[in-house]
Amino acid sequence: YFSRPGFLEENYRTAGDLLKRALSYDSEFAHAHSLLSRTYSSLRWQGYDISPPTLELSQKHAERALVLNSDLPASHIAMGYYYYHGQRMYDEAREHFDTARRMQPNNAEIIAAIGFVERRLGRWEESIEMLDRAISLDPMNSNLHHNQGNTYVYLRSYERARSAYDKALSLSPDHHSARIWDAEINISWRGDTETVRTFVENYSHIMRELPALWLFLQFSIRDYEGMIRTVSQVPGDIYRSQRSLFPSSYFLGLAYENLGEDERAHRYYEEALAQMEDLYADHKDDWRYRSGIGLIYAGLGLEEEAIAEGEKAVELLPPSLDALAGTMPKQNLARIYAYLQRTEEAVDLLRELLSIPSRISIPRLKVEPSWDPIRETSEFQQLIHEFEESV
């Protein structure tokens, strides 16, 4: 269950339940402690549960595994992921991953972990090399192919990304995260929204497992009625993913606003704000929370509050701390600026994001509705021209 493709909460929860049962029979089972630690760190990393007790349990079981058997590579892998996923302490994580690799130099899982850390540090070529090595040792692992595809998306090497996702999906047709990222390539690569529209029509069952990703995909192709249907069909007040934290009501506000029903949209934005304020105590240091509430403030026309929250998200997770995810708070801040028609600030951020590995691309900027408020400005058009000329 832990290794099933797609990084889904239900699989981590099931794995955790089984491991706790195992430990009820044998409390000194080091391997069970190590993997249970990783279920907690994965729940946190994927954004499903960032509460302090989850982090504490990840640390507790990793430390217990090391006490029981410090010669077990899995014990060091667990502690490495506690530092990586739990604390973003990359040096400490790398130390444990390197220790595990000395014990098992051809363990694909360990080599991939090192590659993931390299990617967060912005060492993209080293990351690709490590993941290629891991894939050569474990070629049937669809999650590895998916992760390599994600790397190529950020590097805007879309042909290689597509190849990686095709491989992941050939191994695991139910790897829905890979399928959504593969669909998104059509926008980032060629600005092709029609292919994505066909995809949305044919794979609507995915929405239940990954609602946030699905809704943003629908938004990118201006399927506003579809967004409303998705929220009505997917239970839950808060949609969480590794890169976003939004109430379902936010997506309704976004959809109705773009359908021209401003009064109705405003009511949903107000509802979304109230729901987010209830999460403040546990999420105030979560960049996803700050970005999310900033975009909601923007929807409500609260300019100063929106910018302050967007800037706080960037402060919490800058690219210098995480070269991969650290571009997302800046992307969201650019969306806030664009929504508020602060063209100069939005364009400055987009120029920066186009100059480094990120999910922003010229074809995407040309079609996504987020940039409609500044699309016809001379500054935005100059940005498009500037980077089209450099390709």
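## Exercises on a predicted model

Arg156 is partly exposed, because its relative accessibility is 25%. Keep in mind as you work that this is a predicted model.

**Exercise 1.** Find where Arg156 sits and where Gln341 sits, then compare their backbone and exposure.

*Solution.* Start with Arg156, which is in the loop between helix H8 (142-154) and helix H9 (158-171). Its phi is positive, about 60°, although Arg156 is not a glycine. Most residues other than glycine have a negative phi. Next, go to the loop between helix H19 (327-339) and helix H20 (343-354), where you will find Gln341. Gln341 also is not a glycine and has a positive phi of about 60°. Finally, check exposure: Gln341 has 56% relative accessibility, so it counts as exposed, while Arg156 at 25% is partly exposed.

**Exercise 2.** Classify the aromatic pair of Tyr81 and Phe97, and work out which parts it ties together.

*Solution.* The structure holds 20 aromatic pairs. For Tyr81 and Phe97, the ring centres are 5.1 Å apart and the planes make an angle of 65°. Planes over 60 degrees apart count as edge-to-face, so this pair is edge-to-face. Now place the partners: Tyr81 belongs to helix H4 (residues 73-87) and Phe97 to helix H5 (residues 90-103), so the pair ties together parts 16 residues apart in sequence. Last, look at accessibility: Tyr81 is buried at 6%, and Phe97 is buried at 0%.

Try the same steps on Tyr250 and Phe251. Their centres are 5.6 Å apart with 65° between the planes, which again makes an edge-to-face pair. Tyr250 has a relative accessible area of 5% and is buried; Phe251, at 1%, is buried as well. Both residues belong to one aromatic cluster, together with Phe216, Tyr239, Phe246 and Tyr269.

**Exercise 3.** Describe how strand S1 (residues 238-241) is joined to strand S2 (residues 244-247), and sort the side chains of S1 by face.

*Solution.* First, the pairing: S1 and S2 run antiparallel and are joined by four bridges. One example is Ser241, whose bridge partner in S2 is Ser244. The connection between the strands is a hairpin through two residues. Then sort the faces of S1: Tyr239 and Ser241 point to one face and are buried, whereas Ile238 and Arg240 point to the other and are not.

**Exercise 4.** Which arginine lies over the face of Trp189, and which over that of Trp181?

*Solution.* Over Trp189 you will find Arg190, at 3.8 Å from the ring centre. Over Trp181 lies Arg359, at 4.2 Å from the ring centre.

Notes:
Residues numbered from 1 in each chain as written. Predicted model: local features only at pLDDT ≥ 70, side-chain atom pairs only at ≥ 80, totals over all residues. Heavy atoms only, no water. Phe/Tyr/Trp six-rings, centres within 6.5 Å; stacked < 30°, edge-to-face > 60°. Buried < 20%, exposed > 50% of the residue type's maximum accessible area, 1.4 Å probe, protein only. Lys NZ or Arg CZ within 6 Å of the ring centre and 35° of its normal. Pairing = 2+ DSSP bridges.
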